[in-house]
Amino acid sequence: MAKQHDIPVEARPDMLEAKLPTKTMTLNMGPSHPASHGTVRFNIELDGENIVNLDPEIGFLHRGFEKSCENVSWTQCLPYTDRLNYVSALCNNFGFLSAVEKLAQIEIPERAKYIRTLGAELHRICDHLTATGATAMELGGFSVFFYAIEARDLLWDRIAELTGARLTTSFGRIGGVERDLPEGWIQKVKDTLDRVAELRDEVASMLVHNRIFLDRMKGTGVITAEDAVNFGFSGPCLRATGIDWDIRKSQPYWVYDRMDFKVPLGTHGDNFDRFYLRIDEMKESDSIVRQCFEQMQPGPTMIEDWRYALPPKPQVYSTIEGVIGHFKIVMEGIKIPKGECYAYTESPNGELGWYLVSDGSGRPYKVHCRAPGIPLLGGVEHMVKGAILPDLIPTFDTINMIGGEVEQ
Amino acid sequence: MSSNFGMVTTRREEAEGFLQRMVSRGLGWARKYSLFQYPFVTACCGMEYMAISGARYDVARFGAEFPRFSPRQADLLMVVGTINQKQAPILKRVYDQMAEPKWVIAFGVCASSGGFYDNYAVLQGIDRIIPVDVYIPGCPPRPEQVLDGLILLQEKISAQTHKLIDHAPPEMTVDGKRDLLAGGMK
Ligand code: SF4
């Protein structure tokens, strides 16, 4: 303070500043807001344009998912899992099934493992395309969105050929997958992936050379590695901070241990890293799918244990055991042994965990889903506090919160 | 403005009626091809909404080009996805804020009937709170279905009576407002 007296009065830097006393303002953003996808409401306390406080409120898409699962058989939970992270239904389907299989201690056939891996990777690409396209759109790059959607539509066509649905797939059954790959599908997928790669690169090149985009993405929504861990982040948002944590590598499931792929990492933990990491992950997924095609051997796609799998139709019509097996599964549901378990897979947004409790009847006693989106949404406040309001938009986009999984 | 005397109409009234029908038809034609939509997107159906606004299915071909994110600028409310009890008052408010004439499309089974979420949380169809013109089934509907629904709505619009100046009284009652406020938005 002593120094200040030395400066002549008229030169003191704060003398000329006309300080306006400001009051903070409360702003409601959402739940149906043009610049944010997903139904979440932000109660924002603003000082001028700076965010003083932010309080995300959820519950606008609560659909009673966990409770609904208790009223249906284990297999019938599948359609509910489609609609958690609805952009990557296959990852949810297979993740849930793996958890159930862990509880029942079933080992699924090799080919089914490959189909699960490649299906999940295809949908990971879809999810990342959507996240990237939507981010670009909400920052004003509308044409980028078209490229991403076109690529996603191409992949959805292939997924529809495999599962019969574009986005709510309900594919896979306890003990494997109920259908093998369609004829000629592998070549089609390879061609599609080529085209998707072109579109993906187009998307990336349109954005990473765009000054406006860079200015809004770089250095905004920053979170440090330590904070990210403390908030319970997982998936791309955690890896963007530089932490090498990918469940596909650290606890390989299905056939990921046989795949040769890298885990892309970021350094700054800002929006740009999260965005670019998704582009990189798409490339890895692309190569995983191709590796699956290479390594796959013909074989069964479903276990032959009639307590879990429907017996083949000829058996049902001609043997009494077949009829009984069919009847019991259809009428009572698959009986999962008593117990509880937690199993997790790497979904496009991070760790998708399932805590299941079975009381030995045909229905789940309790299904709980650890959705990757909840910790991410919880971290948003920390990431944008003190920043300006427009920074909230890319931050919210790059964490890619999906309403369906956050609100169970 | 039909005659008070049953069958008997004067020439003047006939001429007026003719003019009105022409105006109505013209307005209907203009309105059906310039639908400004407000996508009220909540859930999974929104992914298919993205697909129809993308280049391949291109809803712009049907004149429903650009989403308007202000209800005051929109005349077609597309309710895309699940509406639960917490969301319902907001949907009602958005609908009330739209200027006449306005139409509503229920996109997907959740919006139409609650879908397979037959439980405590989900509104069993948006027609419990706002009127609906076209229901599009499907969970989610395929883009072709959505476009078909849009064309159905356009047919409906062109068959409706349109007036240059509509003197219809505003619909919302004080009671309605009170319900809305009680519904959670503070
Ligand atoms: S109709 Fe189906 S896809 Fe659409 S919001 Fe409802 S559950 Fe999701």
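In the predicted model, the buried residues of helix H16 of chain A are A:Leu392, A:Ile393, A:Pro394, A:Thr395, A:Phe396, A:Asp397, A:Thr398 and A:Ile399. The helix, which runs over residues 392-399, is accordingly described as mostly covered, with eight of its eight residues buried. H16(A) is followed by A:Asn400, a residue whose phi is positive and lies near 55 degrees.

Chain A as a whole contains 17 helices and six strands, and its C-alpha trace spans about 105 × 45 × 35 Å along the principal axes. Of the 408 residues in this chain, 58% are buried, while the area that chain A exposes comes to about 16,700 Å², of which carbon and sulfur atoms supply 54%. When contacts in chain A between residues at least 6 apart in sequence are considered, 69% of them join residues at least 24 apart. The charged side chains of chain A number 43 positive and 57 negative, and the centres of these two sets lie 4 Å apart.

The largest pocket encloses about 760 Å³ of space. Its lining is formed by 40 residues, of which A:Pro34, A:Met137, A:Glu138, B:Tyr49 and B:Phe69 are the closest to the centre of the pocket. At least two lining residues are supplied by each of four elements, namely helix H5 (110-138) and helix H6 (142-163) of chain A together with strand S1 (37-41) and helix H2 (45-53) of chain B.

B:Tyr49, one of the residues closest to the pocket centre, is found in helix H2 of chain B. With a relative accessibility of 8%, B:Tyr49 counts as buried, because the cut-off for burial is set at under 20%. Apart from its neighbours within four places in sequence, B:Tyr49 is in contact with B:Gln37, B:Pro39, B:Val41, B:Pro67, B:Met78, B:Val80 and B:Phe107. Between B:Tyr49 and B:Gly81, which are 32 residues apart in sequence, the C-alpha to C-alpha separation is 9.7 Å.

A search of the whole structure for enclosed space returns two cavities of 30 Å³ or more, and the largest cavity holds about 70 Å³. This cavity is lined by 13 residues, the closest to its centre being A:Arg83, B:Cys44, B:Cys45, B:Cys110 and B:Cys139. B:Cys139 is also joined to B:Pro140 by a cis peptide bond, for which omega is about -5 degrees; B:Pro140 is found in the loop between strand S4 (134-136) and helix H5 (143-159) of chain B. Another cis peptide bond, with omega of about -10 degrees, joins B:Glu100 and B:Pro101, and B:Pro101 lies in the loop between helix H3 (88-97) and strand S3 (103-107) of chain B.

Positive phi values in residues other than glycine also occur in loops of chain A. For A:Gln105, phi is near 55 degrees, and this residue lies in the loop between helix H4 (89-104) and H5 of chain A. A:Gln105 counts as exposed because its relative accessibility, 72%, is over 50%. For A:Trp254, phi is near 45 degrees, and the residue is found in the loop between helix H11 (247-250) and helix H12 (271-295) of chain A. A:Trp254, in contrast to the exposed A:Gln105, counts as buried at a relative accessibility of 13%.

Methods
Residues are numbered from 1 along each chain as its sequence is written. Chains are lettered from A and ligands numbered from 1 in the order in which they are written. This is a predicted model: local features need pLDDT of at least 70, side-chain atom pairs count only at pLDDT 80 or more; totals for chains, interfaces and linings use all residues. Side-chain values use heavy atoms; hydrogens and water are left out. Buried means under 20% relative accessible area, exposed over 50%, partly exposed in between (1.4 Å probe, protein chains only). Contact means heavy atoms within 4.5 Å. Accessible areas come from the Shrake-Rupley method with a 1.4 Å probe; for residues, only the protein chains shown count as cover. Lys and Arg count as positive and Asp and Glu as negative; His and the chain ends are not counted. The place of a charge is taken as NZ of Lys, CZ of Arg, CG of Asp or CD of Glu. On a 1 Å grid over the protein atoms alone, a cavity is a set of points where a 1.4 Å probe fits but cannot get out, and a pocket is an open set with protein on both sides within 12 Å along at least five of seven lines; lining residues have an atom within 4 Å of a point. Grid points are joined across faces, edges and corners, and a volume is the space filled by probe spheres set on the points.
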